[in-house]
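Trainee: Could you walk me through one part of this model in detail, starting from the helical spans and ending at a single buried side chain? I'd like to see what surrounds that spot.

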Amino acid sequence: MKRNKNTSMDTVVTDFILMGLSHPPNLRTLLFLVFFSIYILTQLGNLLILFTVWADPKLHARPMYILLGVLSFLDMWLSSVIVPRLILNFTPASKVIPFGGCVAQLYFFHFLGSTQCFLYTLMAYDRYLAICQPLRYPVLMNGKLCTILVAGAWVAGSIHGSIQATLTFRLPYCGPNKVDYFLCDIPAVLRLACADTKVNELVTFVDIGVVAASCFMLILLSYANIVHAILKIRTADGRRRAFSTCGSHLTVVTVYYVPCIFIYLRAGSKSPLDGAVAVFYTVVTPLLNPLIYTLRNQEVKSALKRISAGRGRRK
């Protein structure tokens with residue numbers, strides 16, 4: 001992308017204007033209520049998962065549910081980085097976001113998003129060990145190792161977010177300042193840079209492509225081995241339980257990775273579909289995760305029943 005013309009290099013952008021999602025004015029109130037409801041349900045649903053994992057001794061001692069609790073925390077945080085600003089687009093409030101606020105939003109978006117990528121990979125690896133190496137599982141994946149791996153995912157995600165934010169905002173921005181998107185993300189912000197962005201676009205493509213593709217391939221490899229192992233289980237009930245547990249995770253991975261690939265491996269695209277696709281994995285996916293893991297996971301449903309029954313007896 002070439003430098004924006006007809007702009008003065010002496011002018012320094014101090015804030016940006018998030019244009020948000022294009023929508024008919026008569027649907028503004030409805031869209032506000034829809035996204036506000038999604039945000040509240042996302043927070044409550046993931047908070048329920050966190051509480052269930054923390055309150056039930058059978059769950060918080062197992063690495064699989066430690067990872068699920070971390071995923072719920074990430075979903076709550078990611079939703080809070082994106083959705084409140086998106087909701088403002090449907091109100092008379094100002095759409096201006098300070099330069100520093102834009103930097104922070106881009107950093108946290110990529111920090112949390114890449115951490116989720118790493119976490120999904122850890123969850124697939126955990127399922128692989130549990131199903132393909134059941135006798136060695138307690139040794140290969142214990143609470144201490146799980147904590148170290150999760151900490152590593154957070155650190156790697158933070159490094160990834162820092163690299164993307166630094167590369168994006170080291171460029172000069174001298175106008176215009178209207179971000180044609182509902183958040184400060186790399187492709188939309190780079191279009192406003194007063195410098196050649198080819199290097200940034202290449203680094204974004206390679207960096208995000210390598211992270212996403214590597215994680216996705218490791219997940220597919222894990223599940224190829226898992227399916228092979230499940231087919232060897234002799235009892236139909238055993239196969240059903242294994243497929244049910246893994247199906248939840250595979251569903252979440254699919255609804256997360258497919259939109260990501262659509263957006264970032266087409267960084268130069270200006271398709272009107274980009275906004276809708278981005279809404280799906282930034283807004284809808286954090287809402288779906290608790291639904292998928294509670295409706296499809298028998299152990300989580302059993303834990304919820306135990307907690308409810310315990311509270312009922314205390315009353």
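**From the helices to one threonine**

Mentor: Happy to! Let's start with residues 208–231, whose end C-alpha atoms lie 34 Å apart, in a span that is 96% helix and 0% strand. Please keep in mind that this is a predicted model. The unreviewed UniProt entry lists residues 208–231 as a "transmembrane region", and 30–53 and 277–295 are among the other spans it gives that label. Over residues 30–53 the chain is 100% helix and 0% strand, with 35 Å between the end C-alpha atoms.

Helix α1 covers residues 28–55, and its length invites a quick check. At 1.5 Å a residue, its 28 residues should span 40 Å, and the end C-alpha atoms are indeed 40 Å apart, so the two values agree. Along α1, the buried residues include F35, I38, Y39, T42, Q43, N46 and I49. An α-helix has 3.6 residues a turn, so residues three or four places apart point the same way.

Now for the single spot. T282 sits in helix α10, which runs over residues 273–295. Its relative accessible area is 0%, and since buried means under 20%, T282 counts as buried. A polar atom of the T282 side chain lies 2.6 Å from the backbone oxygen of A278. Beyond its neighbours within four places in sequence, T282 is in contact with I82, F109 and F182.

Of those partners, F182 is a good one to follow. Apart from neighbours within four places, F182 is in contact with T282 and also with G275, A278 and V279. I82 and L86 are on its contact list too, along with L18, G20 and L21. F182 also belongs to the largest nonpolar core, which has 84 residues; F16, L119, Y120, Y173, F182 and Y257 are the ones that touch the most other members.

F16 and L18 then lead us to strand β1, residues 15–18, where those two form the covered face, while D15 and I17 form the uncovered one. In a regular strand the side chains alternate between the two faces of the sheet. Strand β1 is joined by 3 bridges to strand β2 (residues 96–98), the two running antiparallel, and F16 stands opposite I97 there. With strand β3 (residues 178–179), β1 shares 2 bridges and runs parallel; here I17 has K178 as its bridge partner.

So the trail goes from buried T282 to its contact F182, and from F182 to L18 on the covered face of β1.

How values were computed. Residues are numbered from 1 along each chain as its sequence is written. This is a predicted model: local features need pLDDT of at least 70, side-chain atom pairs count only at pLDDT 80 or more; totals for chains, interfaces and linings use all residues. Side-chain values use heavy atoms; hydrogens and water are left out. Helices (H or I, at least four residues) and strands (E, at least two) are DSSP runs, numbered from the N terminus. Buried means under 20% relative accessible area, exposed over 50%, partly exposed in between (1.4 Å probe, protein chains only). A polar contact is a pair of N or O atoms within 3.5 Å; within protein, one must be able to donate a hydrogen and the other to accept it, and residues adjacent in sequence count only if both atoms are side-chain atoms. Contact means heavy atoms within 4.5 Å. The expected span of a helix is 1.5 Å times one less than its number of residues. A nonpolar core is a set of buried Ala, Val, Leu, Ile, Met, Phe, Trp, Tyr and Cys residues joined through side-chain atoms within 4.5 Å. Two strands pair if DSSP finds at least two bridges between them. UniProt positions are given in the numbering used here, feature names are shortened, and annotations may be inferred rather than shown by experiment.
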